[in-house]
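Please open the model in a viewer and keep the selection panel at hand. The tour proceeds from one selection to the next.

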There are 2 protein chains.
Amino acid sequence: MSEALRPMVKSRLYEQVLERLRAYVSEAGLKAGDKLPAERELAASLGVSRASVKQAIVVLEVQGLVEARHGGGTYLVRDTLDVEPVEQLVERRKRLPEVLEAREALETKLAELAAERRTDDELADIRDSLDFMRDEIIGGGFGVEGDRRFHAAVTAAAHSSLLADFMKTIAGQITESRNESLRQPGRPHRSLAQHTAIYEAIAAGDPKKAAAAMRKHVRTVAKVRLLDWVPED
Amino acid sequence: MSEALRPMVKSRLYEQVLERLRAYVSEAGLKAGDKLPAERELAASLGVSRASVKQAIVVLEVQGLVEARHGGGTYLVRDTLDVEPVEQLVERRKRLPEVLEAREALETKLAELAAERRTDDELADIRDSLDFMRDEIIGGGFGVEGDRRFHAAVTAAAHSSLLADFMKTIAGQITESRNESLRQPGRPHRSLAQHTAIYEAIAAGDPKKAAAAMRKHVRTVAKVRLLDWVPED
DNA sequence: GTGGCCTAGTGGCTGAGCCACTTGGAGCGA
DNA sequence: TCGCTCCAAGTGGCTCAGCCACTAGGCCAC
């Protein structure tokens with residue numbers, strides 16, 4: 001109660017940086033794909049430390065408004081730094097089933113191609129991602145990052161730049177579904193088993209088996225997501 | 001295209017910290033209000049720098065899952081660190097009109113009381129927040145922080161711990177509406193004018209005028225929000 | 001008991017620095 | 001001239017060490 005009368009939250013510096021950044025983007029008329037000033041430069045011109053600028057950028061990153069490329073600069077994903085209104089979120093969510101259908105089509109083929117075309121190095125990459133996932137899960141994590149690496153490695157091993165490009169366009173939504181799916185009870189271990197099956201088929205050079213294993217995996221993910229989202233209309 | 005086949009995003013360290021943190025909370029059975037380990041401690045036990053831990057905490061902060069009190073530790077807001085599913089977001093959103101009604105009731109009375117009870121120091125605080133808001137707007141910002149400080153200062157000046165507690169329970173949703181409202185074109189300046197009117201009434205010790213000015217202001221905010229959210233059902 | 005004070009604990013922020021990765025151009029060879 | 005390699009500059013990722021501001025809790029004086 002003594003605390004109730006005081007200001008409710010202290011403003012954090014990164015929040016002010018955030019606001020300045022948003023204002024800058026709209027004033028400078030930056031569009032999707034445009035490059036933001038370098039972190040060191042921003043820190044200098046805003047008169048704050050680089051760490052604070054970093055915190056602001058991290059926030060924009062998790063909100064999907066910005067993409068930071070290691071060594072290559074930070075880029076706008078949309079034409080603005082404003083957070084997506086709830087309405088659009090819902091809209092996007094309604095299109096998720098479509099995305100998961102598309103994912104099934106693409107990844108099934110990718111697994112098939114990977115089984116045929118993978119080099120030994122690429123197979124090792126897939127194996128590494130599987131190990132990483134296992135470590136994550138053993139360490140109490142969900143294996144999110146390992147899952148991501150696995151699918152990226154399979155995509156690379158398929159040697160189809162066109163399919164890879166398609167995957168890229170739905171990568172964001174897949175990430176979303178991955179995060180949610182892997183948080184379900186017992187999910188990480190089941191996921192690990194399914195990925196292992198995919199890996200083994202690819203290692204054995206068996207395209208049909210790889211495709212089947214991948215299809216089963218993607219459908220597992222999709223089913224959960226489709227079930228827990230029942231639009232009221 | 002050469003880039004299309006490579007892993008799509010590199011994992012950031014703060015994301016892994018995030019995952020560990022979530023796992024920790026669920027394993028340790030922490031509940032809303034419980035204290036997280038200190039940043040230095042987390043950094044040490046996770047084997048990462050404090051800056052990375054900080055980035056993860058900032059993410060949790062903007063997602064409203066955690067509250068960091070300067071000098072007082074970091075606390076869970078809910079029973080979990082998982083992000084709120086879209087469904088609940090929509091649910092909460094539907095209750096927003098109610099919140100804004102409640103806000104009108106509370107803040108109108110708070111303004112009235114502040115006009116009667118404010119000390120000179122408190123009046124100065126309100127004045128300061130107004131100046132801060134003006135600076136923000138001149139500097140290209142939206143005046144979000146100044147707005148927050150203004151209402152906090154008025155609440156303090158009203159000397160009603162009960163009303164202040166009520167305000168606290170809807171503070172989160174008010175913040176949300178503030179962020180969105182102030183981003184509308186021309187909004188910051190109009191907001192500044194309305195706040196100035198409230199300030200002047202409080203300074204003059206005119207409770208009726210203060211209440212009226214506050215009511216007008218809150219209704220402006222509410223109207224915009226109510227208009228742009230039309231549930232489909 | 002009450003109130004003020006002091007100190008340890010903790011978050012906020014900074015500055016300097018190293019490493020990893022990207023990019024673009026210089027320079028070399030065919 | 002074209003194309004390739006390689007390197008240096010630019011930039012993000014992360015760490016370390018440290019200072020300051022604020023909070024909380026215990027101690028002490030009254």
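For residue classes, Ala, Val, Leu, Ile, Met, Phe, Trp, Tyr, Cys and Pro count as nonpolar, Asp, Glu, Lys and Arg as charged, and the others, Gly among them, as polar. This is a predicted model, in which local features need pLDDT of at least 70 and side-chain atom pairs count only at pLDDT 80 or more, while totals for chains, interfaces and linings use all residues. Residues are numbered from 1 along each chain as its sequence is written, chains are lettered from A and ligands numbered from 1 in the order in which they are written, and side-chain values use heavy atoms, with hydrogens and water left out.

**First selection: DNA strand C**

Select DNA strand C together with the residues near it, that is, those with a heavy atom within 4 Å of the strand. There are 23 such residues, and the closest are S49(A), S52(A), R40(B), K54(B) and G71(B). By class, this surface comprises five nonpolar, eight polar and ten charged residues. Of the strand atoms within 4 Å of the protein, 62% belong to sugar or phosphate and the rest to bases.

Next, display the polar contacts, which are pairs of N or O atoms within 3.5 Å; within protein, one must be able to donate a hydrogen and the other to accept it, and residues adjacent in sequence count only if both atoms are side-chain atoms. At S52(A), a polar side-chain atom is 2.5 Å from a phosphate oxygen of DNA strand C. L13(A) instead places a backbone N or O atom 2.9 Å from a phosphate oxygen of this strand. At H70(A), a polar side-chain atom lies 3.2 Å from a base nitrogen. The elements giving two or more residues to this surface are α3 (50–62) of chain A, with α2 (39–46), α3 (50–62), β1 (66–69) and β2 (73–76) of chain B. Helices (H or I, at least four residues) and strands (E, at least two) are DSSP runs, numbered from the N terminus. With three residues, α3(A) gives the most to the surface near DNA strand C.

**Second selection: DNA strand D**

Which residues are the closest to DNA strand D? Among the 23 residues that surround this strand, they are R40(A), K54(A), G71(A), S49(B) and S52(B). Sugar and phosphate make up 60% of the atoms of DNA strand D that come within 4 Å of the protein. This surface has five nonpolar, nine polar and nine charged residues.

Now centre on R50(A), where a side-chain N or O atom is 2.9 Å from a base nitrogen of DNA strand D. At R50(B), a side-chain N or O atom is 3.2 Å from a base oxygen of the strand. T74(A) has a polar side-chain atom 3.4 Å from a phosphate oxygen. The largest share of the surface near DNA strand D, three residues, comes from α3(B).

**Third selection: Q55(B)**

Remain in helix α3 of chain B and select Q55(B). Its relative accessibility is 13%, so Q55(B) counts as buried (under 20% relative accessible area; exposed is over 50% and partly exposed in between, with a 1.4 Å probe and protein chains only). Leaving aside residues up to four places away in sequence, Q55(B) is in contact (heavy atoms within 4.5 Å) with K54(A), Q55(A), V58(A) and Y14(B).

**Last selections: α10(A) and E200(B)**

Select helix α10 (residues 187–203) of chain A, whose end C-alpha atoms are 24 Å apart, in agreement with the 24 Å expected for 17 residues at 1.5 Å a residue (1.5 Å times one less than the number of residues). Its buried residues include L192(A), I198(A) and I202(A). After α10(A) comes G205(A), with a positive phi near 70°.

Finally, go to E200(B) in helix α9 (residues 187–203) of chain B. E200(B) is partly exposed, at a relative accessible area of 48%. Its C-alpha atom is 9.9 Å from that of L123(B), 77 residues apart along the chain.
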